[in-house]
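Trainee: I'd like a close look at one place where two helices pack, and then a sense of what surrounds it. Please take it slowly and give me the cut-offs as you go.

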Amino acid sequence: MLARALFGTSMGFHIIYATIGVGVPLMIIVAEIMYVITKDEDYKIMSKRWTKGFAILLAVSIASGTIVGVLISLLFPGFMQIVGQVIALPFQIEIFAFLIEAVFMSIYLYAADRLPTWLRLISITSVAIGAAASAILITDAHAWMNTPTGFEMNANGEVINVDPWRAFFNPSFVVTAIHVTVSAYMTVAFLVGSIAAARLLKSNISDQERHYHKKSITLAIYIGAIMSLSTAINGHETAQMLHEYNPRKLAAAEGLFETTTHAPLSVGGWTSREDQEVKYAIEIPYALSFLAGDRFDTEVKGLNEYPEELWPPLFVHTLFNVMVGIGTMLIGLSFLAIFWRWILKKELPGWMLALFVGGGPLAIIGIEAGWCFSCIGRQPYTIVNVLKTSDAATQANNVGILFALFVILYAILLVVTVAVMVSYFKRHPVETELVEKGV
Amino acid sequence: MEESLLAVAILWSILFLYSITGSMDFGAGFWGMVYGKKKDSTASKIANRFLSPTWEVTNVFLVLFVVTLVAFFPFAAGMLATVLLLPVGLGLILLTIRTTFMVFEGKTERFKDLLRITSGVTGVLLPSLLVSILPITLGGFIAFEEGYPQLLYGKLLSSVTVYMHIAFGLSTALFLSALFLADYASEAGDASAYQTYRRHAIWLGPLSLIIAVLTIFTMPPEASWIVENFRDNLYGFGMSVTLFLIGYVLLFVRRPNGQLGYSRLAVVFVVLQYGFAIYAYGSAHLPYMVYPHLTIEEGFTNPTMFNQLLIAYIIGLCILVPAFILHWKLFLKDKRYLKQD
């Protein structure tokens, strides 16, 4: 239990930085390309400032990534024993992707002024590819835990007939990988939108700075709209994958107890174990069946198909709702903004900017809820139908001490990162760079 | 060659790579801290110029080692993880503090000194902590309770050999980094920083060698098996000492351009010195991963997985080598980077 708490906290911490680490390079690429196309110095400043912020976050991202990478081996030796035999490939390749990211990040950070534009673009693109590939490969291991393939267990609990590439291309790999990547891009777009919107709401900024932030929020709105919509479309595929390979998780997500056709989708409320229903929820008739199989008469399995000790904790319904709800709101927000500016041809009003300020933090909450849903929804298993979490965890003492130490460490790091970011950008306001650009 | 032997050779090579790059990295952080306050010295500038673009890459080698260990030897991972949970967990905390504070230091004015000193000190504690894992694998510090291995902390913390290992890790990190930074300063044409680091390398080199030899004599009775095995690897250790002597003498030879010491050659010889020593040590350690509980054969993964991993390694290296060369040219060779102010 402690092992799980420690690892869960570490992942929850790492996810924030990792998501940003995957998303920011894409934003930088877009800004660099915009600079090449428009020759507008603002975009150059934009990419530079994002890179500076990225460098600060990357330090924590790399450190926390190292922590989770090593901790997982330390805390779940029973799990890693199977992982090492079956699904070691993505971890191995991930290191190379990570190395590529690290090498080109150094080049982009410290040698940008010595490189021609095309080589600079190649560097930052390599960073983006490396970052995305790392995320996708680690997600592969996560996907495999949900839909394990590529091996068999004999009667003695030994792993036999290993097929590493079948494990690699397990059924949920592609959908889950896309889900993680586009949702990361979405999150960062909305974070950028938050910062720009917050600045635009201030009345005492110069026209120059106002123009700069308008360009940045425009990029954020477009990328945010594309990515949030892709996340939703892909989320639909994810639900269908669950329906086919892990119906228990889908049932828990929706608080569905009895197997039914024409199953309704419950929005909101919480799942009651005693009454076997989702209380105070809004039900959309047939929607769950449609979600699962594109037909209203699709049969969706309920929790009662399984013994109760194999049910995931039922609050995953709420996590699922938070994730989907935030995603839907963000789609709505970005498309409303596009409608306002390019159809009505009006400036974004203050209330919409205020909504954008909230968009970034909301996206982060959505990501966290999504990961929590996916990992808690998998319980009581670590590897679905193969290995229970309780059998995978370490037998060592001292997990408690470590847990306390790591929680303190994460708290300090969160505070210090924010403090450093604020202090750095206060001392280097965009105003100065904008004024200097003409000189 | 047996597959498990090949696997352990690859693993050991990664350890070699990390121990060299990690020593330079942690040591450079320490020197950067020591000279950070002195306004008249460029020694800290040189250290930081080396660190900024390289620490991420160095850090990845550590993860590469752990991942390779679990991938090649999944059955060893269980025992090592249970035994090493606390020391490695603490190491992770130190590593995180060190890394993040080092980066934060450059970005903020407030708390600059606090951040600098914390990252410098934790950086130097780390190699000591990592090296102290070695004596644990040599035997005598693990007991089985209810079928699960436990580390005997009391015995470990009261044993001389652990402290000797720590001293060895510390002196090695400082020696390697001083020597390397001397060469880096020479490449950058910074004569005063060169002299500073050369002086440190001159006293640290013999010290680390003496500590290494003394460490062997402090090994507890449980580890006598490896001391026996050392005798079969005298060739490797002999080569190591010889290479050290050559490299050391090179630091005192005057170059045609008047500079005292061939620093580049000295670095090459000293890296080879550590190479021979590490492989000799590794070969003496065989066939055990953790004496007497675990051999490499018992820890090894299935051959199918191993073959696929090998292929992935080869492809990965083919992509990475050009990237490393570009990196090296930009940060360790390019005069524009080395000489900027």
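Mentor: Here is the helix pair, followed by the chains and the contact between them. This is a predicted model, so keep in mind that local features need pLDDT of at least 70 and side-chain atom pairs count only at pLDDT 80 or more, while totals for chains, interfaces and linings use all residues. Residues are numbered from 1 along each chain as its sequence is written, with chains lettered from A and ligands numbered from 1 in the order in which they are written.

Let's zoom in on chain B, where helix 7 (residues 160–188) packs against helix 11 (residues 263–285) at an angle of about 150 degrees, the axes being 9 Å apart. Helices here are DSSP runs of H or I with at least four residues, strands are runs of E with at least two, and both are numbered from the N terminus. Axes are lines fitted to C-alpha atoms, for helices over the stretch in contact, and angles run from 0 to 180 degrees between N-to-C directions. Helix 7 and helix 11 of chain B are therefore roughly antiparallel (an angle over 145 degrees). Their crossing is left-handed (the near helix is turned anticlockwise from the far one by less than a right angle).

Who touches whom? Helix 7 of chain B brings Leu176(B), Leu179(B), Phe180(B), Ala182(B), Asp183(B) and Ser186(B) to meet Ser263(B), Arg264(B), Ala266(B), Val267(B) and Val270(B) of helix 11; contact means C-beta atoms, placed from the backbone, within 7 Å. That makes seven nonpolar, two polar and two charged residues (Ala, Val, Leu, Ile, Met, Phe, Trp, Tyr, Cys and Pro are nonpolar, Asp, Glu, Lys and Arg charged, the others, Gly among them, polar).

Stepping back, chain B has 14 helices and four strands. Its radius of gyration is 21 Å, close to the 20 Å from the globule rule for 341 residues, so chain B is as compact as a globular protein of that length (the radius is taken over C-alpha atoms, and the rule is 2.2 Å times the number of residues to the power 0.38). The C-alpha trace of chain B spans about 60 × 45 × 40 Å along its principal axes.

As for the partner, chain A has 15 helices and eight strands. Between the chains, 52 residues of chain A contact 53 of chain B. On chain A's side, helix 2 (41–75), helix 3 (77–86), helix 4 (88–111) and helix 14 (399–427) are the elements giving two or more residues, and helix 4 of chain A gives the most, with 18. That side of chain A divides into 38 nonpolar, 13 polar and one charged residue.

Terms used: Contact = placed C-beta atoms within 7 Å. Parallel < 35°, antiparallel > 145°, perpendicular 65-115°, else oblique.
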